[in-house]
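Let's take a walk through a protein model, one feature at a time. Keep the picture open as you read.

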Amino acid sequence: MPTKNELKKKVCEEIERRADEIIAAAKAIANNAETGFREVETAKLVAQTFTRAGIEYRDGLAITGVKGMLNGNGAGPTVAVLGELDALTIPDHPQAHPETGAAHACGHNGQIGMLLGVALGLKGSGVLSSLSGNIALMAVPAEEYIEIEYRNGLRQEGKLSFLGGKPELIKLGEFDDVDMAIMAHNGTIKEGRVSGARGGSSNGTVAKQIEFIGRSAHAGAAPEKGINALNAANIALAAIHAQRETFKDADTVRVHPIITKGGQSVNAVPADVRMETFVRGKTIEAITDANAKVDRALRAGAMAVGAKVRITTLPGYMPMTANPELRDLFRDNAVSLLGEDKVIPIDPTAHAAGSTDLGDLGHIMPVICGFAAGAIGTAHGNDFIMEDYTLAVINPAKIMAMMIIDLLADGASCAKDVLAKNKPPMTKAQYLESMEALLKVEEYGDDSEDNPPEQAGVIL
Ligand SMILES: [Zn+2]
Ligand SMILES: [Zn+2]
């Protein structure tokens with residue numbers, strides 16, 4: 001029976017041997033970026049790579065997801081390796097898609113490269129016969145919570161239940177046969193651009209779509225006949241800002257509204273003004289508290305000018321907590337591959353104020369997101385470019401393949417230990433129930449003739 005170290009050596013050699021092909025895939029995805037639930041070509045590339053490697057898969061999951069499966073020699077837990085398929089919309093990014101403006105300014109093309117690297121390495125090296133359990137290779141759609149109107153439209157058409165890929169895959173049962181999930185995210189790390197694991201936790205969020213409905217009138221000749229929805233939105237924005245001193249520092253609340261439609265034409269009183277915002281926080285309680293304050297601020301804007309407001313609150317992402325055992329395993333393998341000096345020390349108390357739907361998965365199973373360097377620029381900025389694909393893709397692919405050997409070799413004793421030590425905070429049913437409870441559409445308005453009393457303040 002080969003030792004874990006011998007198996008790790010074999011799988012790393014295979015990933016190294018296939019490095020050009022893996023990097024080419026990550027580059028091809030950067031050059032044809034697609035946003036969430038539209039990642040058709042990216043998913044096709046994953047499926048074609050699985051086909052060539054003889055890996056069985058299913059596709060079209062949550063519209064564009066792809067799930068391959070590798071089986072070990074004996075029974076044991078299933079470890080999922082995740083790669084996110086989607087890009088952002090950054091039209092002035094140098095690699096932006098000429099028609100859609102989609103660009104990989106969060107480095108998810110690197111994640112798909114890593115996923116393919118793990119897949120090809122495990123399959124081609126022959127190590128699977130020494131493992132107990134399975135590896136689910138999951139290319140997941142739509143991690144970036146954008147294009148809310150488009151996705152909410154898909155939801156209203158019954159094509160989606162949730163607006164993020166992992167929540168949707170949970171709902172569809174695609175994680176029912178998975179026991180734990182690992183992934184790594186690309187970014188810029190200044191201290192020598194090294195790979196390491198990110199510890200700690202991150203914020204959860206709800207998403208809100210807001211419509212202020214006023215009455216149009218001639219902006220010059222008869223503004224008194226109108227109801228100015230833009231003024232309602234402005235007052236609401238000021239009222240939201242007035243809540244900020246009530247947010248506790250420890251809750252890391254973030255509320256960052258944008259106006260997505262400010263009016264129709266300059267000579268008409270704006271009657272249809274739209275906003276979107278997230279309400280983020282460290283705990284569900286913090287999000288709920290801040291969300292109630294945002295709602296009352298929105299109502300205040302409408303009330304002040306006699307407009308109406310329709311507030312749609314959509315479940316976003318749950319707060320995330322990294323699993324300590326998986327985090328240590330990521331770190332230990334990063335150190336053994338690259339050396340102690342190349343791995344940034346973990347701060348388990350570190351908290352990130354951004355959000356990820358890995359947090360949703362973390363409510364029902366142990367999860368970890370490692371962190372891999374290799375990019376330059378600003379995350380989500382027009383200057384974020386993957387520069388060093390060995391750092392960005394090949395190293396983390398090796399680290400995750402090594403983790404899988406640790407977890408599933410020796411009768412999967414390590415994976416079983418992780419599961420024994422960690423009881424997820426929720427069952428799948430509890431998770432889905434708490435997500436569905438967040439969905440709310442509320443209309444609040446005046447009792448003018450355009451907005452009769454029975455319509456004012458109803459919860460729809
Ligand atoms: Zn991002
Ligand atoms: Zn990202």
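This report goes through the metal sites, two helix contacts and a pair of unusual backbone spots in a predicted model.

## A pair of zinc ions

Start with the zinc ion (ligand 1). Its protein donors are Cys106 (through SG), Glu144 (OE) and His380 (NE2), lying 2.0 to 2.2 Å from the metal. Along the sequence, these donor residues have the spacing C-x37-E-x235-H. Glutamate 144 and histidine 380 bring together distant parts of the chain, since they are 236 residues apart. You'll find glutamate 144 in the loop between β6 (132-140) and α5 (148-156), while histidine 380 is in the loop between β17 (375-376) and β18 (385-386).

Now turn to the zinc ion (ligand 2). Here the coordinating atoms are Cys106 SG, His108 NE2 and His185 NE2, at 2.1 to 2.4 Å. The donors of the zinc ion (ligand 2) follow the pattern C-x1-H-x76-H along the chain. Did you spot cysteine 106 turning up again? Cysteine 106 bridges the zinc ion (ligand 1) and the zinc ion (ligand 2), and the two ions lie 3.1 Å apart.

## How hidden are the donors?

Which of these donors are buried, and which are partly exposed? Cysteine 106 and histidine 108 are both buried. Glutamate 144 has a relative accessibility of 6%, so it counts as buried too. Histidine 380 has a relative accessible area of 40%, which means it is partly exposed.

## Helix α2 against helix α4

Next up are some helices. Two packed helices are described by the angle between their axes and the distance between the axes. Helix α2 (residues 19-30) packs against helix α4 (residues 108-125) at an angle of about 155°, and their axes are 8 Å apart. Angles over 145 degrees count as roughly antiparallel, so that's the label for α2 and α4. Their crossing is right-handed.

Who meets whom? On the α2 side there are Glu21, Ile22, Ala25, Ala26, Ile29 and Ala30, and on the α4 side Asn109, Ile112, Gly113, Leu116, Gly117 and Leu120. Sorted by class, the residues of this contact are 8 nonpolar, 3 polar and 1 charged.

## Helix α3 against helix α4

Helix α4 also has a contact with helix α3 (residues 40-53). This time the angle is about 10°, with the axes 11 Å apart. Angles under 35 degrees count as roughly parallel, and α3 and α4 are therefore roughly parallel to each other.

From α3, the residues Leu45, Val46, Thr49, Phe50 and Ala53 meet Ile112, Leu116, Ala119, Leu120 and Lys123 of α4. By class, that contact holds 8 nonpolar, 1 polar and 1 charged residues. Have another look at Ile112, Leu116 and Leu120: these α4 residues appear in the contact with α2 and in the contact with α3.

## Two backbone oddities

Which phi sign does isoleucine 63 have, positive or negative? Its phi is positive, about 75°, although isoleucine 63 is not a glycine. You can find isoleucine 63 in the loop between β1 (56-61) and β2 (65-71). With 37% relative accessibility, isoleucine 63 counts as partly exposed.

Alanine 412 also isn't a glycine, yet it has a positive phi of about 60°. Look for alanine 412 in the loop between α11 (389-408) and α12 (413-421). The relative accessible area of alanine 412 is 0%, so this residue is buried.

Conventions:
Residues are numbered from 1 along each chain as its sequence is written. Chains are lettered from A and ligands numbered from 1 in the order in which they are written. This is a predicted model: local features need pLDDT of at least 70, side-chain atom pairs count only at pLDDT 80 or more; totals for chains, interfaces and linings use all residues. Side-chain values use heavy atoms; hydrogens and water are left out. Donors are N, O and S atoms within 2.8 Å of the metal (3.2 Å for Na, K and Ca); water is not among the atoms, so sites may look incomplete. Buried means under 20% relative accessible area, exposed over 50%, partly exposed in between (1.4 Å probe, protein chains only). Axes are lines fitted to C-alpha atoms, for helices over the stretch in contact, and angles run from 0 to 180 degrees between N-to-C directions. Helices (H or I, at least four residues) and strands (E, at least two) are DSSP runs, numbered from the N terminus. Angles under 35 degrees count as roughly parallel, over 145 as roughly antiparallel, 65 to 115 as roughly perpendicular and the rest as oblique. A crossing is left-handed if the near helix is turned anticlockwise from the far one by less than a right angle, and right-handed if clockwise. Contact means heavy atoms within 4.5 Å. Ala, Val, Leu, Ile, Met, Phe, Trp, Tyr, Cys and Pro count as nonpolar, Asp, Glu, Lys and Arg as charged, and the others, Gly among them, as polar.
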